[in-house]
Structure formats: structure tokens, C-alpha cells
Amino acid sequence: TVKDGYARNFLLPQGKALRANKANLARFEEDRAQLEARNLERKAEAEGVNAKLDGESFVVSRSSGDPGQLYGSVTTRDIAELLTDKGFSTARNQVVLEAPIKILGLHNVTVVLHPEVTSAVIINVARTEEEAERQAAGEDVTAERNEDEDLAVNAEEVFDDGGDVNLDADAEEEAEAAPAEEPVEDEAAEEEAAESSEEGEETEE
């Protein structure tokens, strides 16, 4: 029951309540039976959908930065549209998400099909189909990317810390280790000069 003033000024004019008389009580019982029957039908439909939807995984492709941070996010609207495209008619208010998804990986999401029926689905957010398959197999693709970045950073640190190669010093060492070449051209020149000198002496005689 409510206060008479509230019922008279708001509930009754808005059709949100009825006076508790015999006629209205009989009407209420009739309406309640119809509502309960309709609710059972909707629950049965929801259970049928739940048998197909519960535990399913769906891939969402998104671009991301490092380490796996999305450029944007995956919202309840995105998930509702994805499920609808896959044949499960879903409204965004049926998708339970504490906060928009902003990172790569597997995310558990609840879909309310009926007040008494809910489905749990997995939203696989990845950059490519191949990456989504690896994530579904249990691989952490963001960890692999971080390892590659660490290797690149370590390589840069080696050069920054004085690990530059002294090419001039190496060239000098190779030159010292190489065997000395014989001065073929110089010996030929000396022989020619000696022959010319002998010819000059023979002419003077």
C-alpha cells in the first residue's frame, strides 16, 4: 500500500497502480497469469540461446600499441553488434562489462539473456586472425613482443656504452699481419738502369 495522496496524484493517473477492489484484484490475477506464462516462454527461449552461446569465443580485431594497449577500446555496443552479426540477437544493455576493453587478450564477458539466464562468452581481442589463434591456444603475444623490444634495447645499449668497433685499428692489425709483397717493379727498374749503364761504358770505349 501507498499513501492516498501519492496514489491519487501520481500512480493512478499514470496507470501505475489500481485500487484494491474485487474487480481490480480479479483483473490482477488474470494479468499475472499471462505475465507468468509470457515469462516462461521468454525464459525457455533464453535457455535455448544459452545452450548455443555459452562458452563460445568471438574474435575482435583491433590495432594496438605497446605493450598490447589498444588504439581505442571494445565497448558493450561493439560486443552486442558482434554477437548479433553471429546470429545471437543482443542489445548493448544485455552485455555486462565493468569497463571498456583496452588491451589485447582473452576477456570473459557476461550476456544477460533473461533475468534468470546468463551466458559467459570469451572476447578474443587481437591484431590478426593468426594472433587470435595463438592467444586461444594459451600464448601471450604481448610477452613475445616485449622480449623483442628488450633485445632491440639491449643492442642499442651495447653501442651507447662504448661498444663501437674501431675499424681503423682493425685495418692496421690486418695490414701488419699480412705478408710483405716483393718490390717487383723496383727490381725491374734497377736492372734496366744497370743495363743502360753498361751500354754507356761500352760506347765510350
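Author: Helices and strands here are DSSP runs, numbered from the N terminus. The model is predicted.

Reader: In which strand is His114 found?
Author: Strands are counted from the N terminus. By that numbering, His114 is found in strand 5.

Reader: Is His114 buried or exposed?
Author: Buried means under 20% relative accessible area. His114 has 6% relative accessibility, so His114 counts as buried.

Reader: Which residues is His114 in contact with, leaving aside neighbours within four places in sequence?
Author: Contact means heavy atoms within 4.5 Å. With those neighbours left aside, the partners of His114 are Asn39, Arg42, Lys43 and Ala46.

Reader: How many residues has the largest nonpolar core?
Author: Leu53, Phe58, Ile79, Ile123 and Val125 have the most contacts inside this core. Among the elements that each supply at least two of its residues are helix 2 (22–53) and strand 6 (117–126). The core's total is 21 residues.

Reader: How is the pair of Tyr6 and Phe10 classed, stacked or edge-to-face?
Author: Both residues sit in helix 1 (residues 4–11), 4 residues apart, about one helical turn. Their ring centres are 5.6 Å apart. Planes under 30 degrees apart count as stacked. The planes of Tyr6 and Phe10 are at 20°, so the pair is stacked.

Reader: And what of Phe58 and Phe88: stacked or edge-to-face?
Author: Phe58 lies in strand 1 and Phe88 in the loop between helix 3 and strand 3 (95–96), so the pair ties together parts 30 residues apart in sequence. Phe58 is buried at 7%, and Phe88 counts as buried at 15%. Their ring centres lie 6.4 Å apart and their planes are at 80°, so the pair is edge-to-face.

Notes: Residues numbered from 1 in each chain as written. Predicted model: local features only at pLDDT ≥ 70, side-chain atom pairs only at ≥ 80, totals over all residues. Heavy atoms only, no water. Core = buried A, V, L, I, M, F, W, Y, C linked by side-chain atoms within 4.5 Å. Buried < 20%, exposed > 50% of the residue type's maximum accessible area, 1.4 Å probe, protein only. Phe/Tyr/Trp six-rings, centres within 6.5 Å; stacked < 30°, edge-to-face > 60°.
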